Amino acid sequence: MAQNEVLVGWPVVVGTVPVLASAFQPREVLRQAVDEARGHGRSVVLASDTPLGERSRSGTRASVQVMSGGGGVGKSQLAAAYAREALEDGADLVVWTSANDIQQVLTVYAQAAALVQAPGLTGTDLEADARAFLSWLAATDRRWLVVLDNITDPDEIEPWWPDSQRGTGWTLATTRLKDPRLTGGGRARIDVDVYTPAEATGYLIARLAHDRKAHLADHRAPALAEALGHLPLALGHAAAYMLRENTSCSTYLEQFTDRATHLDKVLPHWADTERYGRQVTTTLLLALDATDQDPHGPLARAALRIAAYLDPAGQPAALWTTNAFLTYLTHQQPAAVPARRKLSLRRRRTNAARTVTGDEAAAALRLLDRYGLITYDSTDNPRAVRIHALTARAVRETIPQDQQPTTVITAADALVEIWPDSDHAQRELAGTLRTNTDSLTTHAGESLWTPDAHPVLYRAGASLLNAHLHSASSTYWEQMVADCEQLLGNEHPDTLNARANLATSYRQAGRTNNAIEIEEHVLTEYERLLGNEHPDTRSARDVLSRWRSAGDGLGESPL
């Protein structure tokens with residue numbers, strides 16, 4: 001054991017392991033497949049009846065399993081069950097990270113490196129600290145589990161797979177992909193499908209009984225489970241609704257069937273590319289119909305629209321109390337109806353101008369949580385609100401087209417509002433803000449480019465520069481330059497700013513000649529368009545002078 005590990009408070013948990021759903025189904029057949037894969041020719045076996053760290057006779061490498069399946073089938077819940085059991089069985093370290101964005105993986109790895117006091121820790125270079133953590137995992141005799149949840153890019157994750165030369169750790173990953181690149185290096189893929197009919201019906205019965213409403217699980221429970229496609233996510237939506245509304249399986253099935261019939265007009269079966277999107281959309285609409293009856297219902301519906309555009313893996317608590325968000329909620333309130341015809345003009349103005357408070361916003365989020373549409377934990381500051389990706393997709397598809405730009409801009413404004421000026425000192429928050437910006441830009445269309453590029457796009461790019469994520473930074477600014485040129489034109493100030501940041505990213509990555517070439521072009525354009533004495537021109541001239549000088553340090557973001 002390394003000397004610097006003595007002061008570590010074991011066990012260490014990095015990231016937020018999802019809470020297991022009420023009436024979580026153990027899925028014995030799946031667990032058997034995972035456990036067999038871990039025990040076949042690998043160094044570590046972690047079963048419910050096997051102590052963590054027991055070694056097989058046939059290898060010295062870490063065990064790696066990749067669970068593959070469509071959205072909403074319960075991959076993350078199964079992984080969460082393993083993570084919690086690992087801690088119960090005496091694991092020294094459990095790491096949970098969303099893997100749909102490599103920046104988030106590196107952020108969590110760097111955080112873990114600091115917590116376990118890994119040798120080579122810099123505290124300033126995110127990639128270097130992430131590598132230090134992988135080196136620590138490979139060499140340690142501590143028992144560990146790393147969960148990579150929702151891998152979306154096999155090439156990006158490839159250099160960052162954990163390994164254990166001592167055979168004391170293992171890795172569990174989830175993905176919606178069936179990509180052969182994920183099974184290289186001896187990794188085993190386990191296909192995950194929906195619940196079996198027995199599991200789906202058992203979930204409904206157990207979930208309702210858990211809240212002392214077993215009578216709601218009537219003889220139509222199997223039929224309801226079938227109508228919901230045995231999809232865990234849809235079953236969760238339905239159970240939350242039935243508990244909240246005191247609705248039986250028979251009644252809910254009638255409501256679901258009626259809603260699904262009307263849904264055919266906007267989402268026919270052939271258009272359901274997610275395979276189970278119709279079930280999720282239908283259960284979502286039923287839940288929203290119910291929340292509308294609550295005093296905070298309109299606010300809840302508006303909050304859900306914002307959440308649907310952001311990172312499903314987690315959205316910061318501070319975002320939901322920003323001026324941008326509260327103003328958005330204020331405008332989404334239904335018009336006040338005077339109780340009397342002769343209400344004074346002063347009173348009517350007061351009603352119309354009433355601003356939604358942070359407490360009301362929190363009440364709206366709690367309402368969504370009670371109906372199973374989001375997970376809301378106000379104590380988890382970096383990722384207080386989580387939403388399943390399929391739920392988010394269904395929400396976005398129900399937002400009227402004329403309201404989408406306002407929703408997108410509100411989310412972007414809220415992110416900018418809580419983004420710290422020096423975010424490199426707050427790695428976890430910075431990583432969360434970047435992944436939320438990435439999710440927003442993925443679904444925003446051109447809403448963030450009218451009339452100019454929204455500041456959140458530049459904050460995210462500057463954050464990558466400040467974190468010294470060289471590869472990610474260069475890729476980001478290359479795309480920004482291309483988007484600016486296409487949407488704003490070559491001479492737009494945002495385009496020139498993006499090129500200057502691209503030059504900085506190349507300089508940080510050691511591509512000095514490329515950086516100088518781009519910065520020279522930026523300077524020429526600034527002189528032509530803005531004049532020799534404009535602050536941007538002088539700044540570009542100073543940067544270029546420093547880069548040409550011998551012994552120059554790495555570039556900082558020009559933002």
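**Notebook: the W449 surroundings and the parallel sheet**

I looked up the contacts of W449 and found that it touches L457, M480, D483, C484, L487 and L488, leaving out residues up to four places away in sequence. The model I am reading is predicted.

I then checked where W449 sits: it lies in the loop between helix 17 (427-443) and helix 18 (455-466). Buried or exposed? I looked up W449 for this. Its relative accessibility is 10%, and the cut-off for buried is under 20%, so W449 counts as buried. I also took one distance: W449 and I409 are 40 residues apart in sequence, and their C-alpha atoms are 9.9 Å apart in space.

Next I went to the sheet. It is open, has 6 strands in the order 1-3-4-5-2-6, and its pairing is parallel. Strand 1 (12-14) and strand 6 (188-191) stand at the edges; each has a single partner strand, so one side of each has no neighbour in the sheet. On average, neighbouring strands of this sheet are turned by 15° against each other, direction ignored.

I picked out one pair within it. Strand 2 (residues 63-68) and strand 5 (residues 169-175) run parallel and are joined by 6 bridges. In this pair, Q65 stands opposite L172 of strand 5.

Last, I noted which helices lie across the strands. Helix 3 (residues 102-115) lies across strand 1, strand 3 (93-98) and strand 4 (144-151), and runs at about 160° to strand 3. Helix 4 (residues 126-139) lies across strand 3 and strand 4, and runs at about 140° to strand 3.

Notes. Residues are numbered from 1 along each chain as its sequence is written. This is a predicted model: local features need pLDDT of at least 70, side-chain atom pairs count only at pLDDT 80 or more; totals for chains, interfaces and linings use all residues. Side-chain values use heavy atoms; hydrogens and water are left out. Two strands pair if DSSP finds at least two bridges between them. Helices (H or I, at least four residues) and strands (E, at least two) are DSSP runs, numbered from the N terminus. Axes are lines fitted to C-alpha atoms, for helices over the stretch in contact, and angles run from 0 to 180 degrees between N-to-C directions. Contact means heavy atoms within 4.5 Å. Buried means under 20% relative accessible area, exposed over 50%, partly exposed in between (1.4 Å probe, protein chains only).
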